[in-house]
Amino acid sequence: MNMVQQVTEGVSITVETFYQAEQSNPINSEYLFAYRVTIENLTGSPLKLLSRKWEIIDSNGSYREVEGDGVVGEQPIIDAGDSYQYVSAANLRSDMGKMHGSYKMENLNNGKLLIVAIPEFQMEAPFKMN
(Lines give C-alpha, C1' and ligand atoms only; values in the text may rest on other atoms or scores of the structure.)
Protein backbone atom coordinates (compact mmCIF):
# COMPACT_ATOMS: atom_id res chain seq x y z
CA MET A 1 0.00 0.00 0.00
CA ASN A 2 1.17 3.48 -0.88
CA MET A 3 -0.23 6.62 0.81
CA VAL A 4 0.18 10.35 0.08
CA GLN A 5 -1.45 13.44 1.57
CA GLN A 6 -1.64 17.13 0.68
CA VAL A 7 -3.60 20.14 1.95
CA THR A 8 -4.72 22.84 -0.52
CA GLU A 9 -7.20 25.66 0.15
CA GLY A 10 -8.02 24.16 3.55
CA VAL A 11 -8.90 20.75 2.10
CA SER A 12 -6.85 17.65 2.95
CA ILE A 13 -6.61 14.95 0.27
CA THR A 14 -5.24 11.52 1.23
CA VAL A 15 -4.81 8.78 -1.37
CA GLU A 16 -4.05 5.12 -0.71
CA THR A 17 -3.38 2.71 -3.58
CA PHE A 18 -3.80 -1.06 -3.86
CA TYR A 19 -2.76 -3.37 -6.69
CA GLN A 20 -5.66 -5.59 -7.78
CA ALA A 21 -3.90 -8.82 -8.79
CA GLU A 22 -7.13 -10.80 -9.29
CA GLN A 23 -8.44 -8.25 -11.84
CA SER A 24 -5.12 -7.80 -13.62
CA ASN A 25 -3.75 -9.76 -16.55
CA PRO A 26 -0.01 -9.05 -16.95
CA ILE A 27 0.24 -11.32 -20.02
CA ASN A 28 -2.09 -8.87 -21.81
CA SER A 29 -0.48 -5.80 -20.23
CA GLU A 30 -3.56 -5.09 -18.10
CA TYR A 31 -2.89 -3.88 -14.58
CA LEU A 32 -5.68 -2.66 -12.31
CA PHE A 33 -5.01 -0.42 -9.33
CA ALA A 34 -7.64 0.64 -6.81
CA TYR A 35 -7.27 3.89 -4.93
CA ARG A 36 -9.06 5.18 -1.85
CA VAL A 37 -9.41 8.94 -1.57
CA THR A 38 -10.26 10.69 1.69
CA ILE A 39 -11.30 14.34 1.35
CA GLU A 40 -11.29 16.22 4.65
CA ASN A 41 -12.84 19.67 4.86
CA LEU A 42 -10.67 21.75 7.21
CA THR A 43 -12.36 25.01 6.22
CA GLY A 44 -15.17 26.60 8.21
CA SER A 45 -17.68 26.23 5.37
CA PRO A 46 -19.54 23.41 3.62
CA LEU A 47 -17.99 22.47 0.27
CA LYS A 48 -19.52 20.80 -2.77
CA LEU A 49 -17.28 18.72 -5.01
CA LEU A 50 -18.23 19.74 -8.54
CA SER A 51 -15.74 17.97 -10.79
CA ARG A 52 -12.47 16.08 -11.04
CA LYS A 53 -9.50 16.05 -13.38
CA TRP A 54 -6.88 13.31 -13.43
CA GLU A 55 -3.60 12.93 -15.27
CA ILE A 56 -2.53 9.30 -15.58
CA ILE A 57 0.98 8.36 -16.71
CA ASP A 58 2.12 4.82 -17.45
CA SER A 59 5.76 3.76 -17.12
CA ASN A 60 5.60 2.86 -20.83
CA GLY A 61 5.15 6.56 -21.62
CA SER A 62 1.42 6.66 -22.28
CA TYR A 63 -0.43 9.67 -20.89
CA ARG A 64 -4.12 10.35 -20.56
CA GLU A 65 -6.41 12.87 -18.93
CA VAL A 66 -9.75 12.02 -17.37
CA GLU A 67 -12.27 14.73 -16.51
CA GLY A 68 -15.81 14.55 -15.28
CA ASP A 69 -18.49 15.72 -12.92
CA GLY A 70 -18.15 14.69 -9.28
CA VAL A 71 -16.64 11.40 -8.16
CA VAL A 72 -18.12 7.88 -8.43
CA GLY A 73 -21.37 9.35 -9.75
CA GLU A 74 -21.82 11.83 -6.90
CA GLN A 75 -21.22 15.51 -6.23
CA PRO A 76 -20.90 15.22 -2.46
CA ILE A 77 -21.39 18.08 -0.03
CA ILE A 78 -18.76 17.91 2.70
CA ASP A 79 -19.64 19.91 5.81
CA ALA A 80 -17.00 21.86 7.73
CA GLY A 81 -14.91 19.43 9.78
CA ASP A 82 -16.30 16.38 7.96
CA SER A 83 -14.69 14.03 5.48
CA TYR A 84 -15.80 12.05 2.44
CA GLN A 85 -14.20 8.85 1.23
CA TYR A 86 -14.56 6.88 -1.99
CA VAL A 87 -12.81 4.08 -3.84
CA SER A 88 -12.17 4.00 -7.57
CA ALA A 89 -9.72 2.29 -9.91
CA ALA A 90 -7.36 2.92 -12.80
CA ASN A 91 -6.23 0.56 -15.56
CA LEU A 92 -2.61 0.76 -16.63
CA ARG A 93 -0.94 -0.88 -19.60
CA SER A 94 2.28 -1.38 -17.62
CA ASP A 95 3.07 -2.54 -14.09
CA MET A 96 3.99 0.95 -12.87
CA GLY A 97 2.49 4.37 -13.23
CA LYS A 98 1.42 7.52 -11.43
CA MET A 99 -1.58 9.80 -11.16
CA HIS A 100 -2.33 13.27 -9.91
CA GLY A 101 -5.01 15.83 -10.50
CA SER A 102 -7.45 18.25 -8.94
CA TYR A 103 -10.98 18.70 -7.71
CA LYS A 104 -13.08 21.77 -8.39
CA MET A 105 -15.12 22.60 -5.29
CA GLU A 106 -17.61 25.29 -4.39
CA ASN A 107 -17.76 27.00 -1.01
CA LEU A 108 -21.50 26.88 -0.31
CA ASN A 109 -21.34 29.87 2.06
CA ASN A 110 -19.96 32.38 -0.44
CA GLY A 111 -20.03 30.65 -3.84
CA LYS A 112 -16.25 30.85 -4.21
CA LEU A 113 -14.71 28.15 -6.42
CA LEU A 114 -11.66 26.28 -5.15
CA ILE A 115 -9.19 24.15 -7.07
CA VAL A 116 -7.90 21.48 -4.69
CA ALA A 117 -4.79 19.53 -5.66
CA ILE A 118 -4.77 15.74 -5.62
CA PRO A 119 -1.17 14.80 -4.78
CA GLU A 120 0.77 12.60 -7.15
CA PHE A 121 0.75 8.95 -6.17
CA GLN A 122 2.59 5.93 -7.50
CA MET A 123 1.01 2.69 -8.63
CA GLU A 124 3.33 -0.31 -8.69
CA ALA A 125 2.59 -4.00 -9.03
CA PRO A 126 4.05 -5.73 -5.93
CA PHE A 127 6.40 -8.06 -7.85
CA LYS A 128 8.29 -4.93 -9.02
CA MET A 129 9.09 -3.91 -5.43
CA ASN A 130 12.45 -5.46 -4.65
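## Largest pocket

The largest pocket holds about 150 Å³ of space. This is a predicted model, in which local features need pLDDT of at least 70, side-chain atom pairs count only at pLDDT 80 or more, and totals for chains, interfaces and linings use all residues. Residues are numbered from 1 along each chain as its sequence is written, and side-chain values use heavy atoms, with hydrogens and water left out. On a 1 Å grid over the protein atoms alone, a pocket is an open set of points where a 1.4 Å probe fits, with protein on both sides within 12 Å along at least five of seven lines. Its volume is the space filled by probe spheres set on the points, which are joined across faces, edges and corners.

The lining of this pocket (residues with an atom within 4 Å of a point) comprises 13 residues, and Tyr 35, Arg 52, Trp 54, Ser 88 and Ala 89 lie nearest the centre. By class, the lining has 10 nonpolar residues, 1 polar and 2 charged. Strands β4 (47-58), β5 (63-69) and β7 (83-92) each contribute at least two lining residues; β7 gives the largest share, with 4. Strands are DSSP runs (E, at least two residues) numbered from the N terminus.

## Nonpolar core

The largest nonpolar core (buried Ala, Val, Leu, Ile, Met, Phe, Trp, Tyr and Cys residues joined through side-chain atoms within 4.5 Å) has 29 residues; Ile 13, Tyr 35, Ile 39, Trp 54, Tyr 86, Tyr 103 and Met 105 touch the most other members. At least two residues of this core come from each of β2 (11-19), β3 (31-41), β4, β7, β8 (96-107) and β9 (113-124).

Beyond its neighbours within four places in sequence, Trp 54 has contacts (heavy atoms within 4.5 Å) that include Tyr 35, Tyr 86, Met 99, Tyr 103, Ile 118 and Phe 121. Arg 64, Glu 65 and Val 66 are also among the contacts of Trp 54.

## Two individual residues

Ser 45 lies in the loop between β3 and β4. Ser 45 is classed as buried because its relative accessibility is 12%, the limit being under 20% relative accessible area with a 1.4 Å probe and protein chains only. The side chain of Ser 45 makes a polar contact (a pair of N or O atoms within 3.5 Å, one able to donate a hydrogen and the other to accept it) with the side chain of Asn 109, at 3.1 Å.

Asn 2 belongs to strand β1 (residues 2-8). With a relative accessible area of 27%, Asn 2 is partly exposed, a class lying between the buried limit and the exposed one of over 50%. The C-alpha atoms of Asn 2 and Glu 16 are 5.5 Å apart, although 14 residues separate the two along the chain.

Notes
Ala, Val, Leu, Ile, Met, Phe, Trp, Tyr, Cys and Pro count as nonpolar, Asp, Glu, Lys and Arg as charged, and the others, Gly among them, as polar.
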